[in-house]
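Visitor: I am new to this structure and would love a close look at a single part. Could you show it to me first?

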Amino acid sequence: MATDTASSNSLFPSQISMVTLAKFDFSPPVIGHETGPITPDPGPGPSTEARVAVQDVVNTDAETAGPPKPKTEKERMNTPLFFDSGILKEGAGGGLSCVFGIVEKERKRAEKEARFAAKKAKADEAKKNAPPKAGKKEKKVETAAEPYVEETPAGQKKILKSLDDPAYKSYNPEVVESAWYDWWEKEGFFEPEFTSEGGIKPEGMFMVPAPPPNVTGALHIGHGLTIAIQDTMIRWNRMLGKTVLFLPGFDHAGISTQSVVEKMLWKKEKKTRHDLGREVFTKLVWEWKEEYHTRIKNQLKKMGASYDWTREAFTMDENLSKAVAETFVRLHEEGIIYRANRLVNWCCKLNTTLSNLEVDNVELKGRTMLSVPDYDEKVEFGMIVSFAYPIEGSDERIVVATTRPETMLGDSAIAVHPDDERYKHLHGRCAKHPFIDRLLPIITDTYVERDFGTGAVKITPAHDPNDYALGERHKLDFINILNDDGSFNENAGEHFKGMKRFTARKAVVEELEKLGLYVETKDNPMSVPLCNKSKDIIEPKMKPQWWVRQKALADTAMEAVRNGEIKIRPATSEKDFFIWLEKIQDWCISRQLWWGHQAPAWSIHFEGENVADFDYTNNDNWVVARTEEDAQEKAAKLNPNKKFTLERDPDVLDTWFSSGLWPFSTLGWPEKTPDMSNFYPNSLLETGWDILFFWVARMVMLGIKMTGKVPFNEVFCHSLVRDSDGRKMSKSLGNVIDPLDIISGISLDKLHAKLLLGNLDPKEVAQATNYQKTAFPDGIPQCGSDAMHFAFCHYTTGGRDINMDIKVVDGYRKFCNKMYQATKFALMRLGDGFVPRPDSRKTGKESLVELWILHKFNKAAENSNKGLEERNFLLATDEIYRYWLYELCDVYIENSKPLILEGTEEQKRSAQDTLYTCLEGALLLIHPFMPFVTEELWQRLPRRPNDTNPTIVKAGYPRYTEELDNPSAERSYDLAFSVVKGIRSMQAEYGVKDKAEAYIHAKDAETFSTTSDQKPSICALVKGLESLRILGENDSLPEGCGAFVISEICTVYLLVKGRIDVDAEIGKTKKRIAKAVESRKRLEKARAVKDYVIKVRAEVQEADRIRLSEMVAEEKTLQELVAKFEGLRT
């Protein structure tokens, strides 16, 4: 079937004429007053100028409404067969409208050209006869449109201005999205609704804890995706009548926040945190947090996130801090948290420990120069250095190799394989360190690969993860050579003491050369660990820290997923969840920071003891308690009759420790609160797959351990947002986008200016600037929150990544304009004083097109609910988009015109009632995806009697209704409308503007009956149609006609005799036959393959069967056309 190219690209150009508008006397609900639930007394409608303005927008906005709708195979196969200029080809028009099809466009273009020519001739004549000019007239300067100013008082229900207002001529996100959020929030529409007894409503409960954004600055586009998905689910469930809670909050983000504030402090005052002291510095961070918290909160509101702000949480709030202490104490009492001096990931730049998940391992293929913080020159990596150790008491040497030659200063042994014949004579002997008075025992261990390198391995237990395990097995010395700042200590020897680690790297090699111990340096592929915050090279270092035993916790978490208590979507994320937990290791939760939850642990120092001898690794020297008073009491019981002082551990806990408690600490735990009773476990945890391990797994482990229940029933992992080239978002690339810049728009110059506000170096600024020039040559257009919200949901297909393109979002802004204009036009169709019926049930008086649109609405409701239930956001958005654009707007709003304008009062009223039901339903369907524009438009609709609902936020979401299900009406009207499209397409192809003669060849009784019944409707919808005849299966077909194949049982003909080049058409039709035969044979071959019937889904097989029959019908019709046109030669 041919598609309507006009309607595929715009909502109205092919549907509404100025004549159409002139026939109406209409007005919307009361304008200029606060909108109410019922509008029985409409005020004055828009002026003539406003109506003309509306029509201008409708007729000129031919931009694509979002991504183009692909032509289906059925549409391709049902393409009209035109006999024009010697070619049988697909229809260029396919007009869905009798008013603005291709024919109408050509007529208007011709009229316009004629008017222009007449006007020009008149102007030329006037110019000839005009008197000489007295002087040059000043050119009139057009003034810029006044910026929109919202007049609604903050928190009050929005005052809807008249449609005459210039700001309301067309869709403007700034205008539409203003005022609503403050009102929603003030009225408490986002707060959960309970029964009169304070319990969960019968419809059920739905709760989503918002992943708390870090208070380190502004949100980025990834947060926009998160909010779009979560808010859609929240609004949908709220409209289903459930008790709904969308709980907002913020994370203190220990490392990130402290790092940013320290950089700011140094930049402004050239001071470090140590210059201020812990108390003053922490106070400064709190001040910084408040400033950025306000900024982020504003972003969230602009994006329409329907949070219950009365329950806002922050990870360092009093109660959440209490939950952290409670968890630490309980886990310590059970031995799950313990103290140990073990190897950690140490960031010299940030001076803190990091977890494995905070370390990025960068793979190098060979020699690579990397930038390292606090080094003026780049540092060499990707090389392996070989050198020799002399054997004590002989002239013999043993050669070892390392990618980190500086660590040889901490070597405490050399290991060889016990079966390596080359070194058996050295077993039990020692090598001598060349720079330090130290002997290195030569030990044997099967860990050593004797065929790799020289088969001898240097062992540095205190600075290498592999050597650490070997050192423990052989009880080697653990020699720490590194200070916290990355310089070497006295254990590295006097020559290297105080030297920076990578400066020492060069120095060690130089000294080895001097001693004749250096052998060679070669390229070596390797992995370099980087801090994902500072980009410093991570150093393995021994530190006494607090650790969490995770194996048992992980086993319980995996069991909860296996038995279905927690469902993780998509399936790839569930697989990743198990892979990580099966290999889990103990978790170091100590962080050497000042910003965060200080560990609730105190070291016990007895009177008279030597501080230097205190063992910070011994658990017996520590007391863990909820408060300092509790700690004093515990220490006294453990050490009766002893004098002591307590010193609190200065370290804070890993941010992910407090975040791991988020699902229940935000509800009041450890207290037994109503919120804990009502909303725990949470319903859904929605987040990015990249923090499945950082956060989700830890919430599951800690949630089950601390509460005895899973923290949530479902996890949905969304994709990561990348730029249009598929690159990860990075400030240095210039592709990080502020959601507010998409909502409000931003010029290219301002995008460039934002790059200068961060900490990028000049080279990175230049790189980012160049990208922005390429990606956003005209800046970012104003798209609005709704378009962004909808786009992100449509992007969510279950894949790992989203390649974000601003053009897609801008396309949905145009779609918003379609909705906006369609609603305004529908209000005009409804007319003055229209009051909807009390309910949307059918009356039994509906015409076929009404039954058709009600069926389509019902299917859209069914499939959108199905999509949201299954978290198939692509299905839900596609269904709603299609219904709005291609069914409600392109078909019903246009094709109900004859009923409303020319039908009986009963027909008119029925068509209006259906229009109201389907338009309001369309707004309700799309509200979870587009909250602002739907509220704006819904408030302008009259309310049904007894409908006192003040907001669309609380309106009921449409659901499938068996009464509206009508496949028969769907088939019948699809057939009738396909006939209309076929005739229009051929009219456009052949230029038949009037006195058209058309024929419908119905090859079965049902088709004959349907087309006969719908003949008046078809004639009304086809402009210039003088006659239409319905032919039965055995009736003779007309001569000299073009044909449009609707299906194998229906073909439409248009008389074109005398308008075509017969010989040329015959030749081109034969070529078309050849192509049709080729297509048919390809499909037949595909159906003939082995196991086709077994392996191919039944619905696909059925579609192939129908397609093949339509191909055969097309072939036959083409052959018949050739024969008939052959007859025109005589």
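Visitor: At what angle do helix α30 and helix α31 pack, and how far apart are their axes?

Guide: Happy to help! This is a predicted model, in which local features need pLDDT of at least 70 and side-chain atom pairs count only at pLDDT 80 or more, while totals for chains, interfaces and linings use all residues. Residues are numbered from 1 along each chain as its sequence is written, and side-chain values use heavy atoms, with hydrogens and water left out.

Helix α30 covers residues 905–926 and helix α31 covers residues 931–938; they pack at about 155°, with axes 9 Å apart. Helices here are DSSP runs of H or I with at least four residues, numbered from the N terminus. Their axes are lines fitted to C-alpha atoms over the stretch in contact, and angles run from 0 to 180 degrees between N-to-C directions. α30 and α31 are therefore roughly antiparallel to each other, a label for angles over 145 degrees.

α30 passes α31 in a left-handed crossing, meaning that the near helix is turned anticlockwise from the far one by less than a right angle. On the α30 side, Glu920, Leu923, Leu924 and Ile926 make the contact, and α31 brings Thr934, Leu937 and Trp938. Contact means heavy atoms within 4.5 Å. By kind, the residues of this contact divide into five nonpolar, one polar and one charged. Here Ala, Val, Leu, Ile, Met, Phe, Trp, Tyr, Cys and Pro count as nonpolar, Asp, Glu, Lys and Arg as charged, and the others, Gly among them, as polar.

Technical notes: Helices (H or I, at least four residues) and strands (E, at least two) are DSSP runs, numbered from the N terminus. Angles under 35 degrees count as roughly parallel, over 145 as roughly antiparallel, 65 to 115 as roughly perpendicular and the rest as oblique.
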